[in-house]
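Please open the structure in your viewer and keep the sequence at hand, since this tour moves from one selection to the next.

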Amino acid sequence: MLTAAVPAVAAQPLSTLEPAGVDAERIAVFFWWMGIGAGIVWLAAMSFVAYCLWLPSRSRQAPSPRRVVVTGGMVLPSVLLAVLVGGIVPHTNDFVDTGAADGALRVRVAGEQWWWRVRYPRPDGGDVELANQLRVPAGRTTHVELSSDNVIHAFWVPSLAGKIDMIPGRTTYLTLEPTRAGTFRGVCAEYCGTSHARMTFDVVVLAPDDFERWLMAEAGPARAPETALGRAGAAAFVDSGCGGCHTVRGTPAAGVIGPDLTHVGARRGDASVLPHANDDLEVWLRQPDLVKPGALMPPFAALGAPRLQALVSYLRELR
Ligand code: CUA
């Protein structure tokens with residue numbers, strides 16, 4: 001079976017109950033209030049059942065059907081629903097993104113087949129582009145603009161915020177307000193095709209200074225490879241036409257179909273499901289279908305092992 005070779009995704013909690021963002025905290029509070037409310041209703045119902053079952057039969061007295069219907073069927077549900085709806089509806093507006101606030105960081109994320117294109121607009125009009133990873137500053141608002149030019153995807157980082165669909169032909173928005181530094185997993189939450197389940201990404205929340213330093217470095221061109229193997233890989237990259245789909249800034253490679261690889265060696269994983277191991281990256285280059293069935297990346301098995309290893313070395317050095 002093809003998918004048997006897929007390496008396991010590094011385990012990280014994907015939890016709405018470990019919030020690390022303002023919206024995620026609100027959602028967790030809702031969950032607990034709803035859970036506690038449901039628990040109280042359940043306990044009350046069970047107590048009533050116990051009361052009916054074990055009460056001595058001589059003290060049993062059948063209530064009038066009218067009382068059961070009016071109290072249990074009308075008054076009680078009306079009060080419960082009024083409390084739940086009244087408590088929650090006024091807060092639903094808290095989750096509506098009302099546009100980029102002053103001082104917010106803007107990031108554009110596009111759903112691709114099956115990866116995430118991430119762009120940071122720069123003051124000079126250009127973009128800093130990377131894939132399958134967002135880095136954002138802690139304690140500051142990030143305004144994420146979401147789009148798709150293929151099918152509907154959904155952007156969801158449970159620890160940071162709610163989820164929102166990415167719909168072809170329109171832009172949707174989500175606000176991230178991380179409260180602490182860390183790496184948080186994100187997933188595509190709308191079935192979008194064969195490798196939907198492998199469409200994952202990371203959000204790395206950094207201290208504001210670290211974030212600015214990272215963005216400066218990320219905006220820079222790729223480093224020239226330092227090892228002989230890396231240089232051979234750079235040559236193989238050019239010869240094999242990789243630049244037709246991929247950009248490596250600072251080199252002639254300027255393709256826009258696939259992910260920007262300028263600093264790919266500094267990302268946590270490749271192709272968003274691979275742990276950072278050279279063997280896995282070689283498998284990906286040789287036969288992408290083994291890792292992510294249906295991906296648009298063509299297989300490069302024909303290059304042969306030595307050139308594939310050189311390519312892996314080159315990609316690792318693109319830090
Ligand atoms: Cu993209 Cu599911």
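Which helix gives the most to the lining of the second largest pocket? In this predicted model, the answer is H1, which contributes 11 residues to that lining.

Begin, then, by selecting helix H1 (22–54) together with helix H2 (65–88), each of which supplies at least two residues of the lining of the second largest pocket. The space in this pocket comes to about 450 Å³, and among the 17 residues that line it, Gly37, Ala38, Val41, Leu80 and Leu84 are the closest to its centre. If you colour the lining by residue character, you will find 15 nonpolar residues and two polar ones, with no charged residue.

Next, turn to the largest nonpolar core, which has 34 residues, and select Val109, Trp116, Tyr120, Leu134, Phe155, Leu160 and Val203, the members that touch the most others. Strand S10 (residues 200–206) is worth highlighting here, as the largest share of this core, five residues, comes from that strand. Apart from this core lies another, made up of 21 residues, including Val248, Val264, Ala295 and Leu308.

Keep Leu308 selected and add Glu282, which you will find in helix H5 (residues 278–286). Leaving aside neighbours within four places in sequence, Glu282 is in contact with Leu308, and also with Ala305, Gln309 and Val312. Is Glu282 buried or exposed? Glu282 counts as buried because its relative accessibility is 9%, and the cut-off for buried is under 20%.

Note on methods. Residues are numbered from 1 along each chain as its sequence is written. This is a predicted model: local features need pLDDT of at least 70, side-chain atom pairs count only at pLDDT 80 or more; totals for chains, interfaces and linings use all residues. Side-chain values use heavy atoms; hydrogens and water are left out. Helices (H or I, at least four residues) and strands (E, at least two) are DSSP runs, numbered from the N terminus. Buried means under 20% relative accessible area, exposed over 50%, partly exposed in between (1.4 Å probe, protein chains only). Contact means heavy atoms within 4.5 Å. A nonpolar core is a set of buried Ala, Val, Leu, Ile, Met, Phe, Trp, Tyr and Cys residues joined through side-chain atoms within 4.5 Å. On a 1 Å grid over the protein atoms alone, a cavity is a set of points where a 1.4 Å probe fits but cannot get out, and a pocket is an open set with protein on both sides within 12 Å along at least five of seven lines; lining residues have an atom within 4 Å of a point. Grid points are joined across faces, edges and corners, and a volume is the space filled by probe spheres set on the points. Ala, Val, Leu, Ile, Met, Phe, Trp, Tyr, Cys and Pro count as nonpolar, Asp, Glu, Lys and Arg as charged, and the others, Gly among them, as polar.
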